[in-house]
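Student: I should like to work through this structure by question and answer. May we begin once the sequence and the model are displayed?

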Amino acid sequence: MKEWTRAERYKKITDHPEEYFVALAEKVDASAFRQHYHIQPHTGLLNDPNGFIHFDGKWHLFYQWFPMGPVHGLKHWYHVTSTDLVHWQDEGIGLLPDTAYDSHGAYSGSGFVKDGQLHIMYTGNVRSKEWERTPNQIVARMQADGSFEKFLPPAIQGIPEGYTDHFRDPKVWKVEDTYYAILGAQRTDETGTAVVYESADALSWKLKGELDIQLPDFGYMWECPDLFEIDGQMVLLFSPQGLEPEGDHYQNIFQTGYVIGKDFQLDSLDLENDGFHELDAGFDFYATQTAESPDGRRILTAWMGLPEMAYPTDREGWAHCLTLPRELGIRNGRLIQRPVRELEELRTSKSIAEEGTLKGKIAFEREGRNSYEMKLTLDLSEQAPVTVNLCEDDDQENRFSITIDPTTKKITIDRSACGIPFGEEYGTARSLRLEEMDQVSLHIFVDTSSIEIFVNDGEGTFTSRIFPNEGEKNISLESPEKTTFNLEIWELG
Ligand code: FRU
């Protein structure tokens, strides 16, 4: 595959002078919040993961990308590849919005294999002079040099009767000889839904109908639907917009969650389920996409950010990153997420291994950067609350805290005293309630500007961006009563 130089990459985007991008890249490189082991844009804005697929011996992953600054501008797809889901190689621009059918953005879509070749289906966004939007669903085939040959006119042009211009994000899968695509849509009565198309050749598509998941009036638009099977059960994962906060739920501007169906009928598109469940309890998690690994695992990644929100790195010329890849599973009728086992390759050394009893506060001063993995198990049989502080400064004034309270069975994360504040209009704490809390395990990945917490081997997750100031990197544990703990930390390369 072609190696792209930074200059070539930028030249392809636009006729903007190269100096513009060199200056922008210098600004980004000077940012103190660049991640060490997450996928992030060289410049500008990243959003949804796209075209995620294992093909011909390696993983291909693309993401929504506006290169020229941290705003939702003209979207391209950026392309990275990996053999292990850990080390990612830059492949340069994947998809350019360079035709009359995607002139205002190559929006989200997915990857699939046809005739042994990698194909994608994505939404070409077009705006008229009056700014009226037409979405087109375009199929394209990857060439040897990594560029895409687009099959035009689009496979699905415009909007079918009954829907508005919010009609996008095709996710393709194949059953026997038939290709299916599920798209996020808005009905003309401004309610959200997902529609399914079918095709024999992945080029000419027929609208099959709406997926029936029995959730009436569930938001005004469903973005990024993804339908797949795990352990014989069908899962629809999607990002509905327009849900109101409800207790500890739906606290972010938009949500991502799922329904699980025991008995999915492709003919009727009927997916019986026991309701919608939020997938992540953190602050910054949206627009998931999954792919199947050669050994049959269902791997998920998501945008670690949200639309319509400002982030502290905006002023540094870049915004957002993707989550770590996670393996999905089903336990007790709910989706679980675990960091993929390949991530152990990131470990360089074990810096803390402590077993003991906690009463009061124990602090661990950390050398080096915020780039580590932590495993903590707590025996909570004494019913005492425990607080885990991360990114704490030497004066113990600033921190990101995780409080585990066996009396309420809630885990609460709080970023109100952590580094640069942002998104405070949506609150600074998030909670997750567990059924049982005699023992809790936390598996945490901290990078320069993010934290991903896996509770009880994936039963719950909290995914969040954080922007700690310099020196905010210590760890401490606190409890008013005796609590037995086991703590391990690995530095990550
Ligand atoms: C989700 C989304 C998708 C769309 C893309 C555009 O974040 O709004 O629905 O395809 O982003 O960047």
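Student: How far apart are the end C-alpha atoms of residues 342–491?

Tutor: This is a predicted model, in which local features need pLDDT of at least 70, side-chain atom pairs count only at pLDDT 80 or more, and totals for chains, interfaces and linings use all residues. Residues are numbered from 1 along each chain as its sequence is written, and side-chain values use heavy atoms, with hydrogens and water left out. The span is 59% strand and 0% helix, where helices (H or I, at least four residues) and strands (E, at least two) are DSSP runs numbered from the N terminus. The end C-alpha atoms of residues 342–491 are separated by 15 Å.

Student: Which domain name does UniProt list for residues 38–339?

Tutor: Over residues 38–339 the chain is 57% strand and 0% helix, with end C-alpha atoms 13 Å apart. UniProt positions are given in the numbering used here, and annotations may be inferred rather than shown by experiment. In an unreviewed entry, UniProt gives this span as "domain: Glycosyl hydrolase family 32 N-terminal".

Student: Which strands each supply at least two residues of the shell around the ligand?

Tutor: The residues surrounding the ligand (each with a heavy atom within 4 Å of it) include N47, D48, S108, R168 and D169. The strands that each supply at least two residues of this shell are β1 (44–55), β5 (106–114) and β9 (163–175).

Student: What percentage of the ligand's exposed area does the protein bury?

Tutor: Consider first the polar contacts, pairs of N or O atoms within 3.5 Å. Ligand oxygen atoms lie 2.5 Å from a polar side-chain atom of D169 and 2.7 Å from one of R168. Taken alone, the ligand exposes 320 Å² by the Shrake-Rupley method with a 1.4 Å probe. Of that area, the protein buries 91%.

Student: How many charged residues does the shell around the ligand contain?

Tutor: Asp, Glu, Lys and Arg count as charged; Ala, Val, Leu, Ile, Met, Phe, Trp, Tyr, Cys and Pro as nonpolar; and the others, Gly among them, as polar. The shell has three nonpolar and three polar residues. Its charged residues number five.

Student: Which residues lie closest to the centre of the largest cavity?

Tutor: On a 1 Å grid over the protein atoms alone, a cavity is a set of points where a 1.4 Å probe fits but cannot get out. The largest cavity holds about 70 Å³ of space, the volume filled by probe spheres set on the points. Its lining comprises 14 residues, each with an atom within 4 Å of a point. Those closest to its centre are G109, D169, C224, P225 and Q289.

Terms used:
Polar contact = N/O pair within 3.5 Å; in protein donor to acceptor, adjacent residues only side chain to side chain. 1 Å grid on protein atoms, 1.4 Å probe; cavity = no way out; pocket = protein on both sides within 12 Å on 5 of 7 lines; lining within 4 Å.
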